[in-house]
Amino acid sequence: MKYTEQFETYTKKVCEQIRWKKARPIVAQEILDHLEDQKEAYLSSGDSESLAEEKALHMMGDPIAIGLELDNTHRPKPQWLLLILTGVLLLMGVFSRFYLGSLIGNSPYALSPTSKEMVLLLTFFAFVLCIGGYFLDFSFFGKCPLVLPSLLLFFLCILCLFGSTELTGIQKWISIGIFSIDPISVSLFAPLSYCGLLYYFRKYNEMGLLASIGIAAIFCVLFLYIGSMPACALFFFAGSILTISTVHWGWFGERRKFLFCFITIIALIAIPTFIFLSRYQLLYLSRRFITTFHPKTDLQNAGFQPYFLQEMWRNAGLFGAKAPIRFPDEIGSHVSDRLLTFYQTRSDYTLASMSYQKGKLFFFLFLSLFLGFLVFGFYKAIKQKSTFGKSVAFAILITFGFAGFFSILANLGFPLMASMPLPFLQESRSASLCYMTLAGILLSVFRTGSVFRDSSIPSQNKAPFVQ
């Protein structure tokens, strides 16, 4: 809509007083629309066009005063509670790595050592990435929606072609110096990348939804091929929620009942296919399920880890270890070797070890802070005015929630599937950096979401899906 020169001049003066540049387009549009509505009201009462414009401007008041008032209202809104929770959880992770590293040589229950210099360096990089994500314009993932999915596909192809299973025996990894490219760390960005796919294909309506689901299926197959059931499960779970949510928000047209039926049919086809493709891993999971709840049936092999972790919790007090861990006679001389192998090759159980050493109070404190982070995060996500901002926040929070749920279960002695890195408390270097980057992006959504609208993302001209 074309506005008069007087209206645009007035709006420009108002916006010049607003220091937050991201807020200016939204404010300008609201003022112009309000002026136009007032003008139409005066025209309908019989005033001439020039008089109607003059009255509308007079009614609005002094542009400088209005601009200064709006400057006080429209400012970035850092969510201090989430910032504090993120900082405290990060500090708990740093403290845990320092403390457990100091126990090497003094206790058989300590995790593998990580040098203080490496911990500090990792914390510094994690903090930098979090700050970078915090000041990143999250609309980038809507303006360039195919960048992140393309990068995800690239890393998955690299893992498929060059990954090695020597480290884990199942999942393919690539080590690069002190860091590594692993399926779990890569999968942490999968839900966020799927947001971009859904947003890009929304203009094609039903065919766009089908294309999004088809590409998601390819990613799931690649995750299974490189041997990562947890990564595939995360993507499948988060992708299902995001697909249903975006259909509900009307991204793929208003035929919602038809689309929900369409999604149901796709699910009825996808789930049996998923089970067929992952049948070998499902056999592994079934054995893991049995040994989780009955670890004594296979203490010499798969049952050792859940038994050991469950014993740690039985012997943990509120403020520290209340008794040493005792093992059945059938383990015997294998204990020392198993402990050494267990803790030198796995760092998935930081929470369990800290809860044993410092007491269950540490566990309850971490769980309270982590749940507070998730609950308040979802509350703020629901309040977002932009459905794209809402989808980005949902994708990140689902990632944190899914990984946290299964990781905490594993730390409690119920590793139903290969443990995922526990957000904030994980020693995994790559995963720590990924989590903090995602936390920064989440905080960015909440900081600037108040002035963001879906219309702020320039959309491409709608074209037929099939040329």
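A salt bridge is a side-chain nitrogen of Lys or Arg within 4 Å of a carboxyl oxygen of Asp or Glu. Asp 137 and Lys 143 meet that condition, with their closest N and O atoms 3.7 Å apart. The structure shown is a predicted model. Both partners of this pair sit between the two extremes of exposure. Asp 137 is partly exposed, at 26% relative accessibility. Lys 143 is partly exposed as well, with a relative accessible area of 44%.

Now step back to the whole chain. The protein chain has 467 residues, and 52% of them count as buried. Its secondary structure comes to 20 helices and 2 strands. Contacts reach far along the sequence. Among those between residues at least 6 apart, 74% join residues at least 24 apart. The accessible surface comes to about 22400 Å². Carbon and sulfur atoms account for 66% of that surface.

Return to the charged pairs. A search of the whole structure finds 4 salt bridges. One of them joins the side chains of Lys 39 and Glu 49, with a distance of 3.1 Å from N to O. This pair links distant parts of the chain, its members being 10 residues apart. Lys 39 belongs to helix H2, residues 24–44, while Glu 49 belongs to helix H3, residues 49–60. The two ends differ in cover. Lys 39 has a relative accessible area of 5%, so it counts as buried. Glu 49, at 46%, is partly exposed. The pair also has company. Lys 39, Glu 49 and Glu 53 are linked in a network of salt bridges.

Helix H2 also contributes to a charged patch. Glu 30, Asp 33, Asp 37 and Glu 40 gather on the surface as a patch of negative charge. Glu 40 is placed in helix H2. Its relative accessibility is 44%, which makes Glu 40 partly exposed. Residues join a patch when they have over 30% relative accessible area and no salt bridge. Glu 40, at 44%, clears that area cut-off.

A patch of another kind involves helix H6. Leu 121, Phe 124, Phe 125, Phe 127, Val 128, Ile 131 and Phe 135 make a nonpolar surface patch of about 660 Å². Take Phe 125 as the example. It lies in helix H6, which covers residues 116–135. Phe 125 is partly exposed, at 37% relative accessibility.

Helix H15 brings us back to salt bridges. Here Arg 314 pairs with Glu 311, and the closest N and O atoms are 2.5 Å apart. Both residues lie within H15, residues 304–314. They are 3 residues apart, about one turn of the helix. How buried or exposed is each partner? Arg 314 is partly exposed, at 46% relative accessibility. Glu 311 is buried, at 12%. The burial of Glu 311 fits its helix. H15 is mostly covered, with 9 of its 11 residues buried. Among the buried residues are Phe 304, Tyr 307, Phe 308, Leu 309, Met 312 and Trp 313. Pro 306 is also one of the buried residues of H15.

Pro 306 leads on to a loop. Which residues does Pro 415 touch, leaving aside those up to four places away in sequence? They are Arg 288, Thr 292, Pro 306, Tyr 349, Leu 409 and Ala 410. Pro 415 itself is in the loop between helix H19 (387–411) and helix H20 (429–448). Its relative accessible area is 3%, so Pro 415 is buried. Its contact with Thr 292 spans a long stretch of sequence. Pro 415 and Thr 292 are 123 residues apart in the chain, yet their C-alpha atoms are 6.5 Å apart in space.

A second loop residue completes the tour. Gln 79 lies in the loop between helix H4 (63–73) and helix H5 (80–102). With a relative accessible area of 15%, Gln 79 is buried. Burial here means under 20% relative accessible area. Gln 79 touches Phe 376, Lys 380 and Phe 446, again not counting residues up to four places away in sequence.

Conventions
Residues are numbered from 1 along each chain as its sequence is written. This is a predicted model: local features need pLDDT of at least 70, side-chain atom pairs count only at pLDDT 80 or more; totals for chains, interfaces and linings use all residues. Side-chain values use heavy atoms; hydrogens and water are left out. Helices (H or I, at least four residues) and strands (E, at least two) are DSSP runs, numbered from the N terminus. Buried means under 20% relative accessible area, exposed over 50%, partly exposed in between (1.4 Å probe, protein chains only). Patches are made of residues with over 30% relative accessible area and no salt bridge: like charges are joined within 9 Å, nonpolar side chains (Val, Leu, Ile, Met, Phe, Trp, Tyr) within 5 Å. Accessible areas come from the Shrake-Rupley method with a 1.4 Å probe; for residues, only the protein chains shown count as cover. Lys and Arg count as positive and Asp and Glu as negative; His and the chain ends are not counted. The place of a charge is taken as NZ of Lys, CZ of Arg, CG of Asp or CD of Glu. Contact means heavy atoms within 4.5 Å.
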